[in-house]
Amino acid sequence: MVHLLIMLCSLVAWIPYAGAQAAPSPLDVPALMELMSKVSKRDNHFTETKTLAMLTRPLVLSGTLSYVRPNRVEKHVTSPYIEHLVVEGDQLTLSTKDGTKRIAVDSHSLIRSLIEAIRASLAGQVAVLRRLYHIKLDGTLRNWTLTLRPLDAQAAEYLQSVTLTGQGDRLIKVDIRETGGDRSLMEIHEPVS
Amino acid sequence: MTVRAGPAVLLWILLLFSSAGVIVNMTVTTDLTALLPRSADETQELLVRQLRDGVAARLILIGLENADAENLAEASRSIARSLNETSLFRSVSNGDPADYTTEREILMRHRYLLSSAVTPEHFSTSGLRAALEQQLQLLASPAGAVAKVALPGDPTGELAHIASGFATTSHPSLLNGVWFSREGTRALLVAETRAPGFDLDKQTAAIHAARTAFASSGLPENARLLLSGPGVFAVESRAAIQRDSWRLSLIAGVMVTALLFIVYRSVTPLLLSLLPVITGLLAGVAAVQLLFGFVHGITLGFGATLIGEAVDYPAYLLTQVIAGERLQQTLTRVWPTLRLAILTTVFGALSMLLSSITGLSQLGVLAFVGVLVAGLVTRWIVPALAPQIVRAAPHQILPSLWGERLGALSRMRGLLWLITLLSLATLGVRHQNIWDNDLANLSPISSSAKLLDEQMRSDLGAPDVRYLLVLHGASQEEVLQRSESAAPLLRRWVENELLTGFDLPSLYLPSKEMQRIRRAALPPPAVLSASLTEALNGLPFRPGLFEPFLRDIEQARTGAFMEMVDLDPSALFQKVSALLIQSGREWAGLVPLRGVKSGSALADHITSEGGSGLTFLDLKSEAGRLVNGYRNESLRLTMLGIVAITGLLWSGLRDMALVGRVLLPPLLAIVYVVTILTLIGEQLSLFHLVSLLLVLGIGLNYALFFNRPFADEDERRRTWLSLTLCICATLSAFGALAFSHIPVLHAIGFTVGLGAAFSLLAAAILGREGVTS
C-alpha cells in the first residue's frame, strides 16, 4: 500500500514534467524553419518512387541527396541510371551520360517551385516558401507535416501540392502530387557514412 | 515705291506666295538612306536596305531598374501586356515562356521538316529505343512534369533538338520568369515597332507608349525606365538638335538684331535686311520640293546654313549709303561688286547641283536658287521697298584708328606666308587623321547612352551585328541550299573559336530539297509501328501512348512542304524575313556572325573554304566606304566649283593679281581652319565640309569688297563698316552654334565662325594698299 502510495506520488510529481514533454511550445512555421536552418550540412540516401499515368509500373530511383548551406542542393541518382543534378544559386546543372545541361532555376516557374520546396525548406528560408506557396503545418515538432500548395498560376497548372514530412530537424519524406494524378514520393533514409 | 519697280515687286510677291504654296504641301523626310547614292553597288544596296528596313533598326530595348526583382518582373509583364495591346508594336518580348506558345506550336507542327536530326536511322528500332530511354530519364527529372506534355507526340525529342539549334548564342538570364541583366538588377524587354526606324513620328509614338506603360505599371516612384535602340537615338537626337538650335538661334537672332540696330539706328533697314534671305530660303526649298518631290531634313538644315551669307547682301548695300542719296544711286556704285559676290556663290552651288548623290544635289539646288533669288531681291526689291531717302549709316561709329590698323595689316604678309607653309606642312604630316570615316560619330548621341545600349545588348545576348555573311542566289531555294551547306562550315569555325555564334535562314526555313530528304527519311506507318513496338519492349510506357507520334509522322510524310508563310504570325517569321531578302531578281541570305575574334582572319577562311556565292561583309567598314564616297564626290565638285569661280572672277575683274587677292583669302582661311581642327583632334565630317563651302562664299565676299576701288577715304571707311558689320553678324550667329554640345551644330558653328574671321584677316593682309580712284 505504501509502495502504491509512493508510486502514485512520484507519478503525480512527474505529471507537470511529462506534460511539458508532450506539449512543447506551440508548433509554428518560423520555429520549424529556425530549427531546420541550424543544420548546415546534410547527406542522405534516398529512394524515389514515381507513379505516372503514362507508365505501366512506377519508376524507382535511388541515390543520395545532399545539402550545403546556404543554397546548394545535389541529387545524385545512382540507380537505375547515373544522373547528377546540382542546384546552386540560380543555376541548375544536369549531368547525364549524354552531357551536361545548364538552365536557370527561373526558366520555368514549375521548376523553381519544385526546387525551392526542398531547398528553401532545408535552408529554413520561410520568406522564399511564403512567396511561392500557401503553407500549412500539422503535427508536432517530433513529427511534422508541411503541406505546400503553389500560389503561382503557371506552377499550379502542373503541381497540386508538395508535402514534406519530418522529425525534428530531419526531413524524411517529400511527396509531390501533380494535377494529372501523377505522384512522386521521395523517402530520405539514413545519412551517408 | 517707284512705278518702274512695280512689276518686280509684283513678281516678288507672286514668288513668295507660290513658294509658300509649295512649301505648305512639301514632304520632309528624315530617312538618311534617301540621301545615299543610287548607283551604289550590290553590297552597299544591301547595307542601305538593312539600315532602312532592317529589324535591327526597329528594335527598342527597354530596361527597368531601381526596385526589387519581384516588382520589376511584375512590371515587365504589365508593360509587355499593355504595349502588345497598342497597334504600334509587332512584338514585345520579355522572356516569359508563356509568350512563346505560338512559336512552340508552329515548330511542333513542322518539327519533322525542321529538325536536322531526321534521318532514316533516327526512326529505326535502335534509334527509337535510345530516344525512349532518354525520355524515361527525362520523365523522372524535375523537368518531367513539363516534358511529359509533349512526350506522346514527340518521343524522339525533335522540338528540343530544333530549339538547341537556335541557341547558338548566350541567352539572357531569367529571374522570376522574365529577362534580367546578369546581376539581376535590371528587367529587360525587347520591342519591335511596326514602323521603320527612320519614321521618327511613329518612333516617337512608340517611345511615348513605353513611357505610359511604365507609368502605369505600378512600380514605386524611384524606379527608372531606360530606353535604347536606333529609333530612340534618332528621336532623342532630333529633339536635342531642335532644342539646341532653337535656343541658339534665339541668342544669335537677338545679338544680330542688336548689332544691326546699333549701326542703322532704325527699324526699316533691319526689316529690309531680312527680306533677301527669307525669300531665298523659301524659293530654294520650294525648288527642291518641285525638282525632287521631297525635301530632306538635312538639306533644310544645311541649306539654311549655306545661304546664310545672303544676310550680308543688304548690309553691303545699306552701309554704303551716302547721306542724302537714294538707294538706287548707292546700288549703281555697289552692284558690280555685289553681283560678283552673289555669282561666285551661285557658281559654287552649280557644281554641287550636278552631283549624283541626292543629298548633295538637293543642297546644290537649294543654295543655287536661294542665293540667286536673295541677290535679285537685294538688287530689285530692297531699293523698291526702301523709303525714298535712307538714313546713312554712321560709319563714324567705328574708331578712326580701326581703318588704319586694318590697312596696316598688309605689312604682315611675310607672317601670313610663313603660317600658310606651317599649316600645309602640318596637314601633310597628319593627312591621315583629317577625315572622320565613322558614321557613328555623326550621331549626336552621348557616350553614356552608347554605353548603356551596349550593356543592354550584351545582357540580352544580342550584340550589335557588325559582321555578316551574305549568301547570293537566283532564287529563295538556292539561297536556302547555300545556307544549309554553310552550316557545317560555320559550326567548324565556331569550334575553332573564330566566332562564337551565328544565325542561318535555313534554321527557320529549310530548303525544299532538304525538306524532301527529311520527308523521305520518315518511315511508312506499318514500318514505324513495328519498329516502335520492338523498341518499346521491356520499357514501362503505357500501350497506345505514342498514337499521336504515329499520326504526326504520317501527316508530315504525306503533307505539304513548309513555306515561309507557315511561320506567320510568330517571331520566327520576323526572323526569317529579316534574314531572307529579295532585291530585284536576286535573292540574298544574311548570316549574322557573333563574337568574331578577328574580321580579317575570318575573311581569309571564308575566301579559302567558303566557295562561291558567299560574301563577307563588315558593316562598319562598308559604312565608312559609303561616307568616303560621299565625301570624295563633294570634294571633286568643290574643286570644279573653284575652277568655275576663278573663271568668273577673271571675266569680272580682268586682273590676274586681283583674282588672286580675292580667291586666296578664303582658300587660306580654309587651310587654317582645317589645320586647327586637325591639331585639336577634331576630325572632319560632312558637316565640316559643308561649313567650309560657306566659308568660301563668305570669304570671297569679304575679299571682293576689300579690293573694291575706293573713290575716297569716306568710301573706304564705309566699306570697313560693311565688313565689320558682316563679320560681327557672322561671328555672333555661328559663334553661338559653336557652343552647342551637339556635334553637328558645334562643327558648323566652329568652322564657319573661325573661317570667316580668318578670311577677313587674310583679305585685309592681302588687300590693296592706299586709296585708288
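## Exercises on a predicted two-chain model

Pro70(A) sits in the loop that joins strand E2 (59-68) to strand E3 (72-79) of chain A. The model is predicted, and the exercises below work through chain A and then chain B.

**Exercise 1. Find which peptide bond leading into Pro70(A) is cis, and give its omega.**

Step 1. The bond to examine runs from Arg69(A) to Pro70(A).
Step 2. Its omega is near 0 degrees, and the bond is cis.
Step 3. A further cis bond links Ser79(A) to Pro80(A), with omega near 5 degrees.
Step 4. Pro80(A) belongs to the loop between E3 and strand E4 (83-88) of chain A.

**Exercise 2. Describe chain A by its helices and strands, its buried residues and its contacts.**

Step 1. Chain A contains 5 helices and 11 strands.
Step 2. Of its 193 residues, 43% are buried.
Step 3. Take the contacts in chain A with a separation of 6 or more: 38% of them are between residues 24 or more positions apart.

**Exercise 3. Determine how helix H1 (residues 6-24) of chain B packs on helix H11 (residues 267-292) of chain B.**

Step 1. Two numbers describe a pair of packed helices: the angle between the axes and the distance between them.
Step 2. For H1(B) and H11(B) the angle is about 50 degrees, and the axes are 9 Å apart.
Step 3. Angles under 35 degrees count as roughly parallel and those from 65 to 115 as roughly perpendicular, so H1(B) is oblique to H11(B).
Step 4. The two helices cross with left-handed sense.
Step 5. H1(B) contributes Trp12(B), Leu15(B), Leu16(B), Ser19(B), Val22(B) and Ile23(B) to the contact. The residues from H11(B) include Leu275(B), Thr279(B), Leu282(B) and Gln289(B).
Step 6. Sorted by class, the contact has 11 nonpolar residues, 3 polar ones and no charged ones.

**Exercise 4. Work out where on helix H8 (residues 158-166) of chain B the buried residues lie, and what they pack against.**

Step 1. The buried residues are Glu158(B), Leu159(B), Ile162(B) and Phe166(B).
Step 2. Around the axis these residues span an arc of only 100 degrees, and therefore they are on the same side of H8(B).
Step 3. Their packing partners in chain B are helix H4 (101-109), helix H5 (111-114), helix H20 (505-508) and helix H24 (571-579).

**Exercise 5. Set out the crossing of helix H19 (residues 476-495) with helix H25 (residues 599-609) of chain B, then that of helix H27 (residues 656-679) with helix H28 (residues 686-706) of chain B.**

Step 1. The axes of H19(B) and H25(B) come within 12 Å and cross at roughly 145 degrees. This crossing of H19(B) and H25(B) is right-handed.
Step 2. On the H19(B) side the contact residues are Leu489(B), Arg492(B) and Trp493(B), and on the H25(B) side Leu602(B), His605(B), Ile606(B) and Glu609(B).
Step 3. The classes in the contact of H19(B) with H25(B) are 4 nonpolar, 1 polar and 2 charged.
Step 4. The axes of H27(B) and H28(B) come within 8 Å, and their crossing angle is roughly 145 degrees. H27(B) and H28(B) also form a right-handed crossing.
Step 5. Residues of H27(B) in the contact include Arg661(B), Pro665(B), Pro666(B) and Ile670(B); among those of H28(B) are His688(B), Leu692(B), Gly699(B) and Leu700(B).
Step 6. The contact of H27(B) with H28(B) divides into 16 nonpolar, 2 polar and 1 charged residues.

**Exercise 6. Decide whether Thr344(B) is buried or exposed, and list its contacts beyond four places in sequence.**

Step 1. Thr344(B) is part of helix H14 (residues 327-353) of chain B.
Step 2. Its relative accessibility is 1%, so Thr344(B) counts as buried.
Step 3. With neighbours within four places in sequence left aside, Thr344(B) touches Ile645(B), Leu648(B), Leu649(B), Leu700(B) and Asn701(B).

**Exercise 7. Locate Arg265(B) and Glu497(B), and give the phi of Arg265(B) and of Glu497(B).**

Step 1. Arg265(B) is in the loop between helix H10 (230-264) and H11 of chain B. Its phi is near 55 degrees, positive in a residue other than glycine.
Step 2. With a relative accessible area of 45%, Arg265(B) is partly exposed.
Step 3. Glu497(B) is in the loop between H19 and strand E10 (501-502) of chain B. Though not a glycine, Glu497(B) has a positive phi of about 60 degrees.
Step 4. The relative accessibility of Glu497(B) is 54%, so Glu497(B) counts as exposed.

Methods: Residues numbered from 1 in each chain as written. Chains lettered and ligands numbered in written order. Predicted model: local features only at pLDDT ≥ 70, side-chain atom pairs only at ≥ 80, totals over all residues. Heavy atoms only, no water. Axes fitted to C-alpha atoms, helices over the stretch in contact; angles between N-to-C directions. Helix = DSSP H or I, 4+ residues; strand = E, 2+ residues; numbered from the N terminus. Parallel < 35°, antiparallel > 145°, perpendicular 65-115°, else oblique. Left-handed = near helix turned anticlockwise from the far one by under 90°. Contact = heavy atoms within 4.5 Å. Nonpolar A, V, L, I, M, F, W, Y, C, P; charged D, E, K, R; others polar. Buried < 20%, exposed > 50% of the residue type's maximum accessible area, 1.4 Å probe, protein only. Arc of directions from axis to C-beta.
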